[in-house]
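User: I am new to this structure and would like a close look at one part of it, the last helix and its surroundings. Please take me through that part slowly and then show how it sits within the rest of the chain.

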Amino acid sequence: MDSAKFDAVVALLTGKRIAVLTGAGISTDSGIPDYRGEGAPVRKPMTFDQFRSDRASHQRYWAGSHLGWRRFAAAVPNNGHRALAEMERTGVVTGVVTQNVDGLHRRAGSARVIELHGSMDRVRCLTCGQLFARAAVAAKLSKANPWLETAQDFELRPDGDAEPGSGRELIVPVCTVCGGMLKPDVVFFGELVPRDTFLAAQSLVEHADALVVAGSSLAVNSGIRLLDRANKAGHPVVIINRGATKGDHRASIMLESGTSETLTALAQRLQR
């Protein structure tokens, strides 16, 4: 970490109420891979239209998502997640907007978390809108497809999906209320962030005094839009990331470093 730049970040943020935007880079220390970090494979995620209209794609997604969910559920918050939760408890951080679907901010103790892209621990019916706990749906999926429980060698992806490596027919649970199609409560490629969710994130950023972006390349449009809101409000913006981001030229300071160690150090300095 560049110590001079870090001291400048501390000086810039001291006494301010901070909104935080996080991306996949904050969860890599919890064993969840990054989309775009160094060494990340090029991938073609399934679109919402594929999931909804193609039976084979629907089954493949659920098989992979089930395998990925097992790994996600076993992941634990790291020091970066815990540092943000502690800064919220002491009033330094006003809330977290996250692009991640792993639920680790909530599990670390953050109370005000806006999940832009949803969360893998919930399942929604596409017909009636009923929400279900992912664990309950996963138990039904396992019971109907015991072969999934022996799958070990698979590639985990940042969105909780995985490559199942099997062509076996999958029995997918349906909504117990209306019999409709179930989908993990996450925003697929080809879907938009729900309007109310984005407005809540926008309000959090606008009513803070500063924005910290941690572990995001800002390649997704919603992240850039929130950074623009902070700029228009006249708030200083600090970006913490390993590698360049699309928002570097709009940031007050760009600190190229790991999120866990940097957020932990910030928590110690800003709460003195």
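Analyst: What follows begins with the chain as a whole, turns to the last helix and the places around it, and ends with some other sites.

The model is a predicted one, and its protein chain has nine helices and nine strands. Of the 272 residues in the protein chain, 52% are buried, and the accessible surface comes to about 12500 Å², with 51% of that area belonging to carbon and sulfur atoms. When contacts between residues at least 6 apart in sequence are considered, 73% of them join residues at least 24 apart.

Helix α9 covers residues 259-270, twelve residues in total. From its first C-alpha to its last, α9 reaches 16 Å, which is close to the 16 Å expected at 1.5 Å a residue. The buried residues of this helix are Thr-259, Ser-260, Thr-262, Leu-263, Ala-265, Leu-266, Ala-267 and Leu-270. The cover over these buried residues comes from several parts of the chain, including the helices α1 (3-13) and α4 (79-89) and the strands β1 (18-22), β7 (210-214), β8 and β9 (253-255).

One residue of the strand β8 shows this meeting of strand and helix in detail. Ile-240 belongs to β8, which runs over residues 237-240, and Ile-240 counts as buried because its relative accessible area is 0%, where the limit for buried is under 20%. Leaving out residues up to four places away in sequence, Ile-240 touches Val-212, Val-213, Ala-214 and Gly-215, and also Leu-255, Ser-257 and Gly-258. The same list of contacts goes on with Thr-259, Thr-262, Leu-263 and Leu-266, and these four are among the buried residues of α9. Between the C-alpha atoms of Ile-240 and Thr-259 the separation is 6.4 Å, although the two residues are 19 places apart along the chain.

The helix also borders an enclosed space. There are two cavities of 30 Å³ or more in the model, and the largest cavity holds about 40 Å³ of space. Its lining is made up of Ile-18, Val-20, Leu-84, Met-87, Val-93, Val-212, Leu-263, Leu-266 and Leu-270. The elements that each give two or more residues to this lining are β1, α4 and α9, and the largest share, three residues, comes from α9. By class, the lining of the largest cavity consists of nine nonpolar residues, with no polar and no charged ones. Two of these lining residues, Leu-263 and Leu-266, are also on the list of residues that Ile-240 touches.

Just past the helix, Gln-271 is found in the segment after α9. Gln-271 counts as partly exposed, because its relative accessibility of 28% lies between the 20% limit for buried and the 50% limit for exposed. Apart from neighbours within four places in sequence, Gln-271 is in contact with Glu-86, Met-87, Thr-90 and Val-92. Val-92 is 179 residues away from Gln-271 in sequence, yet their C-alpha atoms are 7.5 Å apart in space. Met-87, another of the residues that Gln-271 contacts, also takes part in lining the largest cavity.

Away from this helix, the loop between β7 and α8 (221-232) contains Leu-218. The phi of Leu-218 is near 60°, a positive value in a residue other than glycine. Most residues other than glycine have a negative phi. Leu-218 counts as buried, because its relative accessibility is 0%. In the loop between β7 and α8 there is also Ala-219, which counts as partly exposed at 34% relative accessibility. The C-alpha atoms of Ala-219 and Thr-245 are separated by 7.4 Å, with their positions 26 residues apart along the chain given as the distance in sequence.

A further place to look is the second largest pocket, which holds about 240 Å³ of space. This pocket is lined by 16 residues, and those lying nearest its centre are Arg-124, Asp-185, Val-186, Val-187 and Pro-194. Two elements, β4 (118-125) and β6 (182-186), give two or more residues to the lining, and β6 supplies the largest share with four residues. The lining of the second largest pocket has seven nonpolar, three polar and six charged residues, whereas the lining of the largest cavity has nine nonpolar residues and no polar or charged ones.

Notes
Residues numbered from 1 in each chain as written. Predicted model: local features only at pLDDT ≥ 70, side-chain atom pairs only at ≥ 80, totals over all residues. Heavy atoms only, no water. 1 Å grid on protein atoms, 1.4 Å probe; cavity = no way out; pocket = protein on both sides within 12 Å on 5 of 7 lines; lining within 4 Å. Points joined across faces, edges and corners; volume = space filled by probe spheres on them. Nonpolar A, V, L, I, M, F, W, Y, C, P; charged D, E, K, R; others polar. Buried < 20%, exposed > 50% of the residue type's maximum accessible area, 1.4 Å probe, protein only. Contact = heavy atoms within 4.5 Å. Areas by Shrake-Rupley, 256 points an atom, 1.4 Å probe, with all protein chains shown as cover. Expected span 1.5 Å × (residues − 1).
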